[in-house]
Every structure is written in structure tokens, then in C-alpha cells.
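Look over the fold first, then the details. The report starts with one sheet, turns to the helices around it, and ends with a helix pair and the chain totals.

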Amino acid sequence: MPPGQQTIFALSSGRLPSAIAVIRVSGPQSAVVVAALAGQVPVPRMATRRTLRDHRQQPIDDALVLWFPAPASATGEDVAEFHVHGGRAVLAALFAALSAFEDVRAAEPGEFTRRAFENGKLDLTEAEALDDLIHADTDRQRRQALRQLKGLLGDRARNWRAQIIEASALIEAGIDFADEADVPAELLAPAVARIKVLLGEIEQVLAGQGRSERLRDGLVVAITGPPNVGKSTLMNQLARREVAIVSPHAGTTRDVIEIQLDLDGYPVTVIDTAGIRETDDPVEQEGVRRAQARAAEADLVLWLVDAGEHGQPPPQGDAPIWMVHTKIDLVDASKSPVLIMRSPAQPGVSKDGGSQGPRPGLSFETEGGPVGSRPQPERDPRAFFIAAIRGDGVAELIAALVAFAEVFFGSEEGGLIGRERQRKLLQQTADALRRCIGAISQGEELAAEDLRMAAYALGRLLGRVDVEDILDAIFREFCIGK
């Protein structure tokens, strides 16, 4: 039997051991499997308690069994689910019993979702959204994936494709009735008007500044600067745990360290890099090279320098660079070339609620005035002052990172595009429609061909035409059991 017609099974719940484990079965042999293991096929879509037994009638586990006959199932095929106790021995016995059936095998990664796609339960944008939902780490990623799974882009693309096909039919009818003097013009006018409206809608989606597709990968922030300026200490403060070794000796960090943060729902990858300096140590040289390479690829660079010194200038690059002056708790304000320290307007408050009096060092000014009260000097467009080991100024830095992420990602609530593949195909659709409008005056045949190309691009977006070359790449990203 061809692999696509075989019955498949897999663990569809979390890592073992667990309280409950869900094993999903899909395919033409599902009814046979359920009847053999549970004694009979239960009532559809109703949880039924059964003792599962293997082919020797030895009990496997006391389980709940659910039955979803085709086509009203997640995959469009007959589907069964066994909810068993999540011990490894239970799963091993059940998997052995399932494997004993003819034409029943373990599923490959993403095979359940691929069958749902092939049976018309999902289009390709919804399948991609399901993968994004499974891998969502933050609330904003989850919300965007859920909107896509509900057809945010797919429904629009289907509507656009239907209108393109209707416009194409009008133009081709004009070609067929070319001998009739007034018929082509009557057919072309509404077709061109519809194409222009469609082009405007697609261009509006493409022109949106919200980088909703970047939510999948997140914002990349590189912490870099000379050795021993507090990069690893800041990294640990942001992570709220010890992820990097902190040492007073320069050159402690030799490789790139990454952490994933959830900043107000925005996914942010923070990179701690080796201190950038001239060195004869070949290992440290490689660390410096990697640090420079990752900083060049980052979306934002935090360049750390000692607050009591001017420090070496930051590297030039395309990404914005924020100057972060560190170790402010160790700086003598009267001798510092960078800081003018002043006491805060409000006195500090002790743990028991009493006044501690002024706390020098918690509020700072640059040469342009108090930080945040006025634009910073051009030589230092965005400056922060922190004592990472105590946490002073870190909250303000995090708040600025959240604000930067909000601008960087844009308003994802209205974002239709979730992946680069989708953006490219929408761009191809817009290009074809633009060519069609320009080709009308040169001949209806050319315009009709451009409309076919536009409909073809949207078909590829939905996964309904000629997408075998990308299906394997997409579905192998899924976990087994999904």
C-alpha cells in the first residue's frame, strides 16, 4: 500500500512520563485498530472508557477512546485517539500493539497536518500558522499564529484569486468576441476596474510597515563592547539567572551566548559577545571575530563602555547602536568625563517605609541635560546609564527595548503576512497585476496571460497548485504527532 494510504499513529501529547498521554491514529485501518484494541468502535465524538488489549488479549491500560469518522475529523480521514496513562511502559506496549497491524506504521514529522492539507482541511497558510502556533514562545506570537490559523491571510487570498479568475474570464471572453465591435470594450472596462482594486488591496498589505513575519524569529539584540565593561553582568540581569560567567579578568567570554526573552510579548534574542580588543590569543581572536559578525547581523546593538571613561567608539553598521554606560556606582562624578550626577528630586524610601534621604547616583545627565528629558547629543543619540551588578538603570533599559520592539514589529494586529514565502508570492501577484494593467492597451492576450500568472502565484500561496517542491520543507519542521 502506498505510504499516503497507510494508517499512521503517533504520540500527540507532551514528553513522557506524564499524567495522560494522547495517541492519535489516522487512516483507513483506524476502525479495525480501535475494534481490535478496545473491543468495539465507540460512538463518534464521545469519550468512552475501555480496557485496551493487545493481539494476545493481554491488558495494556485502562483508557479513554474517541472515534472521529471521516470526513468530519482533523485529517479528513478516520481518526481515533487513545488517552492512556503517560508512563513509558504503557506507551511502549501500545505502540507495539499498533505496529503489529498490517499497513499501520509510525507517523513521520508533520504527517497528520500534511494529510489534513491534502484532504482540504487546511490550506498552506493555515498549515504554516499551525506550525507557528506550536512553536510560539510569546503571547504576541501566539495571537498572530492563531489569527493566521483562522484564515486571516488564506481567506483574503482565496477571495483575491476568485476575483482574478473572474476578471480573466471577462478578458478572455473579449478575445473570443473580438469580431463584435462593442463587446470587448464592455467586457474590458469592468475587468480592468476590478484588477486595479485588487492591486491596490495587495499593495496596501505589502506596503504595511508592520513586520509581522519577523515575530517568528524575533528581535536580535547584541551586547557588545570592550572587555570587562559588564556585558555578561547585564546579560545575567536581563535573563534573571546566571547564564554567563562574570569575572574581573578581561577575555572571560570567548564564544557567543544567546538567551531568549519575552519582553511584553515580543520575542527577543539577546546575544552576549566576547570583548572586542586586539589580542594575540587565537581563541580570543576567534571570539572577537564571532562577536563582530553577530553584531553586524543584529537588529540592535548595545555598545557598553565604562561610565568613567570615554571608551573606544562603537563599530559602524546598519543596525541602530545604543551607548550603555556601565558601572555608574563606581564612578567619581567630580572626575568623570561623561557623567554629571545629581540627586533625585524625591528621597529614597527604606524597606520599612521611612525616608532614606537622597540617593546619589540614581539620576544622571548627559551634556544635553537629564536623560530622557531632551534629545541626546548627536554623537550619542541614545544613551543609558546602568550599574548592572545592582540593577540600577536596567529597568529603564528594558522599557526602551520594549518600545523599540513595538516600533520594530509594528502593529501585528493587522499584519496579514506571517512568512517570507508568503510575502514573495504576494509580491509576484502584485507584479503580474501591474503588468496586466499595462498590457491591456497592447493586447488582451498579454493581459490574460499576466492574470493567469497572478492566479498561479496565489494558488502557490494557498498550496493548491504546483507546490510539491516546498511541501516536504514545510511539513518536516513539524513535530511528530502533529
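Two strands pair if DSSP finds at least two bridges between them. Strands β1 and β2 are joined by a hairpin through six residues. The model is a predicted one.

**The sheet**

Six strands build an open sheet. Their order is β3-β4-β5-β2-β1-β6, and the pairing is mixed. β3 (48–53) and β6 (104–106) stand at the edges. Each has a single partner strand, so one side of each is left without a neighbour in the sheet. On average, neighbouring strands are turned by 30° against each other, direction ignored.

Two of the pairings can be followed bridge by bridge. Strand β1 covers residues 7–11, and β2 covers residues 18–26. They run antiparallel and share four bridges. β2 also pairs with β5, again in the antiparallel sense. That pairing has eight bridges. The table lists partners from these pairings.

| Residue | Bridge partner or opposite residue | Strand of the partner |
|---|---|---|
| Leu11 | Ile23 | β2 |
| Ala10 | Arg24 | β2 |
| Ile20 | His85 | β5 |

In a regular strand, side chains alternate between the two faces of the sheet.

**Helices on the sheet**

Which strands does helix α2 touch? Helix α2 (residues 88–99) packs on the sheet and touches β1, β2, β3, β4 (59–68), β5 (79–86) and β6. Its direction makes about 150° with that of β5. Helix α3 (residues 111–118) lies across β1, β2 and β6. The angle between α3 and β1 is about 135°.

Ser99 gives a local view of helix α2, where it is found. Is Ser99 buried, partly exposed or exposed? Its relative accessibility is 46%, so Ser99 counts as partly exposed. Beyond its neighbours within four places in sequence, Ser99 is in contact with Phe9 and Val104. Ser99 and Ile8 are 91 residues apart along the chain, yet their C-alpha atoms are separated by 9.4 Å.

**A helix pair**

Two packed helices are described by the angle between their axes and the distance between the axes. Helix α8 (residues 231–239) packs with helix α10 (residues 394–409) at an angle of about 70°. Their axes are 11 Å apart. Angles of 65 to 115 degrees count as roughly perpendicular. α8 and α10 are therefore roughly perpendicular to each other. On the α8 side, the contact is made by Leu234, Gln237 and Leu238. On the α10 side, Val394, Leu397 and Ile398 take part. By class, this contact has five nonpolar residues, one polar residue and no charged residues.

**The whole chain**

How many helices and strands does the chain have? There are 13 helices and 17 strands. The chain has 482 residues, and buried residues make up 48% of them. Take the contacts between residues at least 6 apart in sequence: 63% of these join residues at least 24 apart. The accessible surface comes to about 23,900 Å². Carbon and sulfur atoms account for 52% of that surface.

Technical notes:
Residues are numbered from 1 along each chain as its sequence is written. This is a predicted model: local features need pLDDT of at least 70, side-chain atom pairs count only at pLDDT 80 or more; totals for chains, interfaces and linings use all residues. Side-chain values use heavy atoms; hydrogens and water are left out. Axes are lines fitted to C-alpha atoms, for helices over the stretch in contact, and angles run from 0 to 180 degrees between N-to-C directions. Helices (H or I, at least four residues) and strands (E, at least two) are DSSP runs, numbered from the N terminus. Angles under 35 degrees count as roughly parallel, over 145 as roughly antiparallel, 65 to 115 as roughly perpendicular and the rest as oblique. Contact means heavy atoms within 4.5 Å. Ala, Val, Leu, Ile, Met, Phe, Trp, Tyr, Cys and Pro count as nonpolar, Asp, Glu, Lys and Arg as charged, and the others, Gly among them, as polar. Buried means under 20% relative accessible area, exposed over 50%, partly exposed in between (1.4 Å probe, protein chains only). Accessible areas come from the Shrake-Rupley method with a 1.4 Å probe; for residues, only the protein chains shown count as cover.
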